[in-house]
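Reader: I would like a close look at the sheet of this model, strand by strand, together with the residues that surround it. Please include how far the coordinates can be trusted.

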Amino acid sequence: MDELALERYFDDSIANDSGFMLEESLQSPSQPHLDPPQKPADDLDLSFLPDELGAQEDAGGTSQDRSLDPHLHQDSGVFTQSSADQTESWQGAPDSAATRTPTTSGPVSGTFCPMTPMTPMTPVTERSGIIPQLQNIVSTVNLGCPLNLKFIALQARNAEYNPKRFAAVIMRIREPRTTALIFSSGKMVCTGAKSEEQSRLASRKYARVVQKLGFPARFMDFKIQNMVASCDVFFPIRLEGLVLTHQQFSSYEPELFPGLIYRMVKPRIVLLIFVSGKVVLTGAKERGEIYEAFENIYPILRGFRKQ
């Protein structure tokens, strides 16, 4: 009897407790515990926030914060005059070795000189090593008096005169081996010398011969009018390609003349270029012009060398 009453008591108590708990949960539902929002401190650094959040702040505070932090200008890619002034003042501030600290995100101290491409140097032209040899020098002299050409031809040795063929006395000497053309006006042309000194020496000998024949001849106005030189480049040359490339300066007519005629402007020299590699230079009044003209034409000839 007692056990049944005890079990019934426990069942009633359990039913009453579960109903009370269910009623309490329906009448007052649980709510999460929320702390009241706190206002951020004024000295809080918001420089790490993105631009979208920073744009929600008022313009005054944003511009002031960005002007104080030079890194914002560098990260945004905009470099203003104010930031440039701050950077210059920061770079120009004197610092000692103890206080100087390396920075990775800040501006780089010192000036940076960009590399500029250097102008390539013009390569020195390889010299040919070939010296043109003088073959003939033409010079003129004024004897300063009229001459009787028939009398000179009859009295002088190694002289000939044929007025029907040529109106001058042709006189020759052996040393230096040259030929002179003596005109009745007193002008004389000396050809055949191999050097300037030989040409002058031969002209003086001809003038002395005329003096011995009784004419008051003098030696005046000696001048070299033309120098002819020749050389060999020791390789064959494609004249057809040369005349096509340098049409303005050269002419080549193999039916009329086997050599190419090249008229150089500076120095004013005429060159005769042959397929075999032989070159003749003429038109110079000084020896240096011959050498200069050949050094100018030699690289061109190498470019048209036959393979």
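Author: What follows goes through the confidence of the model, then the sheet, and then a few residues around it.

This is a predicted model, in which local features need pLDDT of at least 70 and side-chain atom pairs count only at pLDDT 80 or more, whereas totals for chains, interfaces and linings use all residues. Residues are numbered from 1 along each chain as its sequence is written, and side-chain values use heavy atoms, with hydrogens and water left out.

The pLDDT, which is the predictor's confidence in each residue on a scale from 0 to 100, has a mean of 75 over the chain, and 60% of the residues reach 70 or more. Residues 20–34 stay under 50 and have zero contacts beyond four places in sequence, a contact being heavy atoms within 4.5 Å. Residues 112–124 also stay under 50, again with zero contacts beyond four places in sequence. Where pLDDT is low, the predicted coordinates should not be read in detail.

The sheet is open and has 10 strands in the order 2-3-4-5-1-6-10-9-8-7, with antiparallel pairing. Strands (E, at least two residues) and helices (H or I, at least four) are DSSP runs numbered from the N terminus, and two strands pair if DSSP finds at least two bridges between them. The edges are strand 2 (159–160) and strand 7, each of which pairs on one side only.

Starting from the edge at strand 2, two bridges join this strand to strand 3 (residues 169–173) in the antiparallel sense, and Glu 160 stands opposite Ile 170 of strand 3. Further along the order, strand 4 (residues 178–182) runs antiparallel to strand 5 and is joined to it by four bridges, with Met 188 in strand 5 as the bridge partner of Ile 182. These two strands form a hairpin with four residues between them, and in its turn Gly 186 has a positive phi of about 100°. Strand 5 (residues 187–193) also pairs with strand 1 (residues 133–142), antiparallel and over five bridges, and here Val 189 of strand 5 faces Thr 140.

The turn residue Gly 186 is also one of the contacts of Gly 144, which, leaving aside neighbours within four places in sequence, touches Arg 218 and Met 220 as well. Gly 144 sits in the loop between strand 1 and helix 6 (149–155), and its C-alpha atom is separated by 5.8 Å from that of Arg 218, although the two are 74 residues apart along the chain. With a relative accessibility of 34%, Gly 144 counts as partly exposed, where buried means under 20% relative accessible area, exposed over 50% and partly exposed in between (1.4 Å probe, protein chains only).

At the other edge, Ser 250 lies in strand 7 (residues 250–251) and is buried at a relative accessible area of 9%. A polar atom of the Ser 250 side chain lies 2.4 Å from the backbone oxygen of His 246. Beyond four places in sequence, the contacts of Ser 250 are Leu 242, Val 243, Leu 260, Ile 261 and Tyr 262.

Leu 260, Ile 261 and Tyr 262 are also among the contacts of Leu 271, which include Val 279, Leu 281 and Ile 297 as well. Leu 271 is in turn one of the residues with the most contacts inside the largest nonpolar core, which has 52 residues. Such a core is a set of buried Ala, Val, Leu, Ile, Met, Phe, Trp, Tyr and Cys residues joined through side-chain atoms within 4.5 Å.

Conventions
A polar contact is a pair of N or O atoms within 3.5 Å; within protein, one must be able to donate a hydrogen and the other to accept it, and residues adjacent in sequence count only if both atoms are side-chain atoms.
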